[in-house]
Structure formats: C-alpha cells, structure tokens
Amino acid sequence: EGPAVLVTEATEISLPLTVEALGTARANESVEIRPQISQRVTAIHFEEGASVESGQVLVELRDDEARAAVAAARAALTESEGNLRRAKQLMQARTISAAVLEQRTAQRDADRAALVTAQAQLEGTTVRAPFAGRVGLRRVSLGSLVGPDTVITTLDDTRTIKLDFDVPETAVARLEPGLPVQAQNAAWPDAVFRGEVRSIDTRVDPLSRTLT
C-alpha cells in the first residue's frame with residue numbers, strides 16, 4: 001500500500017499586517033496660557049487641575065488704565081464724528097473745501113482705529129481659556145506683574161489623546177487613515193486603548209527610514 005493522503009478544500013484567509021512601535025501620547029490640544037499685555041494680576045478664577053470651559057475667565061488683570069483709555073478714545077471719536085457731520089453740511093453749502101472734508105474724514109477714521117485698539121487693550125486685561133480642557137499648576141499670584149512672556153498656567157484637552165509613532169517605510173503602501181490602532185501603557189498594563197489612524201506624515205525620515 002502507498003502512503004495515506006489527506007485531501008481538503010483550499011480556502012483563503014487574511015493575514016493582517018501588524019506593526020509594533022513605541023509611541024508618544026499627547027493631549028489633543030495643548031497651550032501655555034499667557035496674557036497679551038503687561039499688567040498686575042487682580043483676580044484668579046481657576047483651581048489647579050480643574051476642568052474649564054472654552055471662554056471661561058481664568059485671570060483678571062488691572063484694568064483702570066485700559067478703561068480710561070477706552071473712555072478717552074470714545075470721546076475723541078464722538079468729537080471727530082460731530083466735526084465730520086458739520087463738515088459735510090458745510091460742504092453741501094460750499095462753504096468749505098474738499099480738502100477740509102478729507103482731513104476731518106481721516107481724523108474720524110484715525111479716532112475709530114484708536115478706539116478699536118483701546119478696546120483690544122481692555123479685553124486683554126481678561127485672560128480666558130481658548131478651549132475646554134484641564135488647567136495645570138498656577139504659576140502666578142495676586143499682585144504679580146505679568147506680561148506676554150509669563151506663563152500663567154497650562155491648558156490641555158485630554159478628552160482625546162493623540163499618539164505619535166513611527167513605522168518602517170516598507171509599510172507605507174499599506175498605511176491609510178482609518179486603520180485600527182491598539183495601544184498599551186506601562187502605567188495601566190492591563191488596559192488596551194483603541195483608536196484609529198487619523199493622519200500620516202508626508203515625509204520619510206532620511207536617517208531612520210521611518211514615517212510618523
């Protein structure tokens with residue numbers, strides 16, 4: 001007798017490509033909160049580590065000078081608008097020249113721009129959260145003199161976590177948005193975090209020959 005032969009029907013199965021890589025997790029949005037102007041802190045409206053909403057007031061700065069500047073700019077604009085209205089009336093009566101009308105129009109425009117600038121300075125005395133998230137440590141105190149180079153606190157939106165990782169260039173042809181991602185972290189060894197590929201870098205690193 002010859003050797004026994006086992007016969008079975010051939011079937012197709014898919015062998016998914018799996019790539020393992022070390023990744024770096026980061027917040028969906030992250031920013032350092034800094035004031036736009038230089039002034040002293042008069043009020044602090046957040047607790048360290050607290051959740052805040054978009055637009056929520058975090059810090060107030062001294063605003064008496066800014067309010068006075070707005071009032072002065074508004075008064076100047078009111079005067080120049082009145083002068084322009086009278087100039088237009090006199091122009092219709094042909095008692096002033098076109099050059100005078102142009103001059104008063106230019107003054108009105110300059111005063112209007114000055115008011116906008118003053119209002120922006122006043123708005124800068126209130127520091128707000130640019131998006132919803134969680135604030136970090138407070139790095140200023142009441143009475144602190146702060147400026148655009150001063151970090152008041154940090155703000156991170158951690159409701160979604162971004163994970164950056166590098167894959168070999170040999171896998172480029174198989175990469176596309178929507179592919180599933182499973183991640184693990186040493187801090188939570190028994191947990192599996194599931195996500196998907198959202199974006200792929202357009203350049204391969206010339207040294208490591210990898211793509212982020």
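Biologist: Which residues does V59 touch, not counting residues up to four places away in sequence?

Modeller: In this predicted model, V59 touches V41, A43, I44, F46, T125, T126, V127 and I152. Contact here means heavy atoms within 4.5 Å, so each of those residues has a heavy atom that close to one in V59.

Biologist: What makes the set with L58, V59, I152 and L155 a nonpolar core?

Modeller: A core needs buried residues of the nonpolar kind, joined through side-chain atoms within 4.5 Å. The largest one has 16 residues, and L58, V59, I152 and L155 have the most contacts inside it. Since buried means under 20% relative accessible area, these core members fall below that cut-off. Strand β4 (residues 57-61) gives the most to this core, with three residues. There's also a second, separate core of seven residues, including V70, A73, L77 and L122.

Biologist: Why would nonpolar side chains gather like that?

Modeller: It's a general habit: in soluble globular proteins, nonpolar side chains tend to be buried together.

Biologist: How do you know that E32 and R128 line the second largest pocket?

Modeller: A lining residue has an atom within 4 Å of a pocket point. E32 and R128 are both among the lining residues, so they pass that test. This pocket has a volume of about 170 Å³, and β5 gives the most to its lining, with three residues.

Biologist: What about the largest pocket: what is its volume?

Modeller: About 1,800 Å³. Of the 42 residues lining that pocket, L163, F165, V181, Q182 and A183 are the closest to its centre. The lining divides into 22 nonpolar, 11 polar and nine charged residues.

Conventions
Residues are numbered from 1 along each chain as its sequence is written. This is a predicted model: local features need pLDDT of at least 70, side-chain atom pairs count only at pLDDT 80 or more; totals for chains, interfaces and linings use all residues. Side-chain values use heavy atoms; hydrogens and water are left out. On a 1 Å grid over the protein atoms alone, a cavity is a set of points where a 1.4 Å probe fits but cannot get out, and a pocket is an open set with protein on both sides within 12 Å along at least five of seven lines; lining residues have an atom within 4 Å of a point. Grid points are joined across faces, edges and corners, and a volume is the space filled by probe spheres set on the points. Ala, Val, Leu, Ile, Met, Phe, Trp, Tyr, Cys and Pro count as nonpolar, Asp, Glu, Lys and Arg as charged, and the others, Gly among them, as polar. Helices (H or I, at least four residues) and strands (E, at least two) are DSSP runs, numbered from the N terminus. Buried means under 20% relative accessible area, exposed over 50%, partly exposed in between (1.4 Å probe, protein chains only).
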